[in-house]
Amino acid sequence: MQRVAFIAAMQRLTRQWQRAGKRIGLVPTMGCLHAGHLSLVKRARRAVGKNGVVVVSIYVNPTQFGPKEDFSKYPRDLKRDLKLCRGAGVDLVFTPSDAEMYPGTVGSRRCEAADKPRFDKRGYGTYVVEEKLSRIMEGASRPDHFRGVTTVVAKLFHLVLPDVAVFGAKDWQQAAIIRRMVADLNFPVRILVAPTLRERDGLAMSSRNKYLTGGLRAQATVLWCSIQIARATVKKSKTFPAAGLKTAVKKLVECEPDARLDYVEFFDPDTLLPVSKVKRGTHLALAVFIGKTRLIDNARL
Ligand code: AMP
């Protein structure tokens with residue numbers, strides 16, 4: 001397994017692979033890998049075959065974090081990540097620095113090497129903005145989050161030139177926005193969305209679960225319980241007013257002493273448009289603070 005940190009080296013390899021006719025699969029991550037990430041690697045391998053190349057990018061992208069969010073304390077463990085990737089049969093791990101990805105962001109806490117002469121001192125200035133699906137749910141709670149996501153994913157697509165890229169259903173809205181961007185900007189890449197992997201008690205695997213110390217971990221199952229209750233309601237009543245189900249979820253979350261509902265939404269899984277009547281096939285997404293940790297989950301009902 002190779003590890004590449006520089007953009008020029010990544011692009012050189014990409015060109016070589018393309019000339020050799022190899023299929024390329026990309027799994028973008030922010031590291032601190034868990035079984036959910038590794039399931040995406042497996043999916044990518046299945047898509048490109050044993051002669052193809054599977055690339056995992058590990059990059060905690062500063063532009064998708066808000067000023068009050070957990071960018072600086074986001075869990076990082078590269079040594080462990082590399083070991084997991086090797087074990088999962090990854091061919092190359094791409095680990096660019098902030099200075100490589102956003103050159104010249106002088107004065108930014110995010111750019112460690114901006115004083116090196118090879119960086120453009122005028123500063124990074126180009127962003128990719130999806131305008132239809134990015135304003136609701138996660139986008140409403142985290143302004144500029146998706147601008148950071150689409151920008152970094154567009155950059156990774158240019159650098160790795162993947163034939164397929166795999167994203168998790170855990171971030172349903174993100175996957176929908178990436179699909180939209182790929183269609184709108186004509187990226188020649190197929191987007192695959194792999195199912196959410198969960199712990200035994202239903203909690204969706206997430207790097208942020210590391211923050212759930214003490215009694216917080218047990219309270220975090222309230223997201224999965226909310227999904228289960230919504231599912232049971234829909235099974236029983238065929239259709240149900242979204243407003244009533246939102247109130248029920250809010251009440252359930254409030255039963256946990258350290259939990260606070262950020263949002264819950266019922267929507268069409270393809271268009272992400274909110275629905276007023278919930279029925280089979282409707283999608284539920286919610287974000288809940290457990291202490292200071294913000295968790296998200298979603299599911300088809
Ligand atoms: P992250 O490192 O959190 O940015 O996630 C990288 C990719 O892994 C994204 O496409 C996520 O949707 C996906 N992912 C995160 N958690 C899970 C999970 N529990 N199951 C499946 N995919 C996941």
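Two strands count as paired here if DSSP finds at least two bridges between them. With that in hand, let's look around this structure, which is a predicted model.

**The antiparallel sheet**

Start with the open sheet of 3 strands, where the order is β8-β10-β11 and the pairing is antiparallel. Which strands stand at the edges? They are β8 (259–267) and β11, and each has a single partner strand, so one side of each is left without a neighbour in the sheet. On average, neighbouring strands here are turned by 15° against each other, if you ignore direction.

Now zoom in on one pair. β8 and β10 (residues 283–290) are joined in the antiparallel sense over 8 bridges. If you want a spot to find by eye, try Glu265, whose bridge partner in β10 is Ala285. Another handy landmark in strand β10 is Phe289. Setting aside its neighbours within four places in sequence, Phe289 is in contact with Asp258, Ala259, Arg260, Asp262 and Arg294. You can also look from Phe289 to Tyr263: they are 26 residues apart along the chain, and their C-alpha atoms are separated by 9.9 Å.

**The parallel sheet and its helices**

There is also an open sheet of 6 strands, and its pairing is parallel. Going across, you meet the strands in the order β1-β4-β3-β2-β5-β6. The edge strands are β1 (2–4) and β6 (190–194), each pairing on one side only. From one strand to the next, the twist averages 25°.

Inside this sheet, β2 (residues 24–29) and β3 (residues 53–58) pair in the parallel sense over 6 bridges. One place to see this is Ile24, whose bridge partner in β3 is Val53.

Helices α1 and α6 are worth tracing against these strands, and the table puts them next to each other.

| Helix | Strands involved | Direction |
|---|---|---|
| α1 (residues 7–19) | lies across β1, β2, β3 and β4 (92–94) | about 145° to β4 |
| α6 (residues 145–160) | touches β2, β3, β4, β5 (164–168) and β6 | about 150° with β2 |

**Two helices packed together**

Two packed helices are described by the angle between their axes and the distance between the axes. For α9 (residues 222–237) and α10 (residues 242–254), that angle is about 150° and the axes are 10 Å apart. The crossing of α9 and α10 is right-handed.

What does each helix bring to the contact? From α9 come Val222, Cys225, Ser226, Ile229, Ala230 and Thr233, and they meet Leu245, Val249, Leu252 and Val253 in α10. The residues of this contact divide into 8 nonpolar, 2 polar and no charged.

**A cavity and a pocket**

How many cavities of 30 Å³ or more does the structure hold? There is 1, and the largest cavity has a volume of about 40 Å³. Its lining is made of Lys170, Leu203, Ala204, Ser206, Asn209, Leu223, Leu295, Ile296 and Asp297. Sorted by type, the lining residues of the largest cavity are 5 nonpolar, 2 polar and 2 charged. Strand β11 (residues 293–300) gives the most to this lining, with 3 residues. That brings us back to the antiparallel sheet, where β11 is one of the edge strands.

Finally, there's the second largest pocket, which has about 290 Å³ of space. It is lined by 18 residues, and the closest to its centre are Ile58, Tyr59, Val60, Arg76 and Pro96. The lining of the second largest pocket divides into 9 nonpolar, 3 polar and 6 charged residues. Ile58 is also a useful link to the parallel sheet, as strand β3 covers residues 53–58.

Technical notes
Residues are numbered from 1 along each chain as its sequence is written. This is a predicted model: local features need pLDDT of at least 70, side-chain atom pairs count only at pLDDT 80 or more; totals for chains, interfaces and linings use all residues. Side-chain values use heavy atoms; hydrogens and water are left out. Helices (H or I, at least four residues) and strands (E, at least two) are DSSP runs, numbered from the N terminus. Axes are lines fitted to C-alpha atoms, for helices over the stretch in contact, and angles run from 0 to 180 degrees between N-to-C directions. Contact means heavy atoms within 4.5 Å. On a 1 Å grid over the protein atoms alone, a cavity is a set of points where a 1.4 Å probe fits but cannot get out, and a pocket is an open set with protein on both sides within 12 Å along at least five of seven lines; lining residues have an atom within 4 Å of a point. Grid points are joined across faces, edges and corners, and a volume is the space filled by probe spheres set on the points. Ala, Val, Leu, Ile, Met, Phe, Trp, Tyr, Cys and Pro count as nonpolar, Asp, Glu, Lys and Arg as charged, and the others, Gly among them, as polar. A crossing is left-handed if the near helix is turned anticlockwise from the far one by less than a right angle, and right-handed if clockwise.
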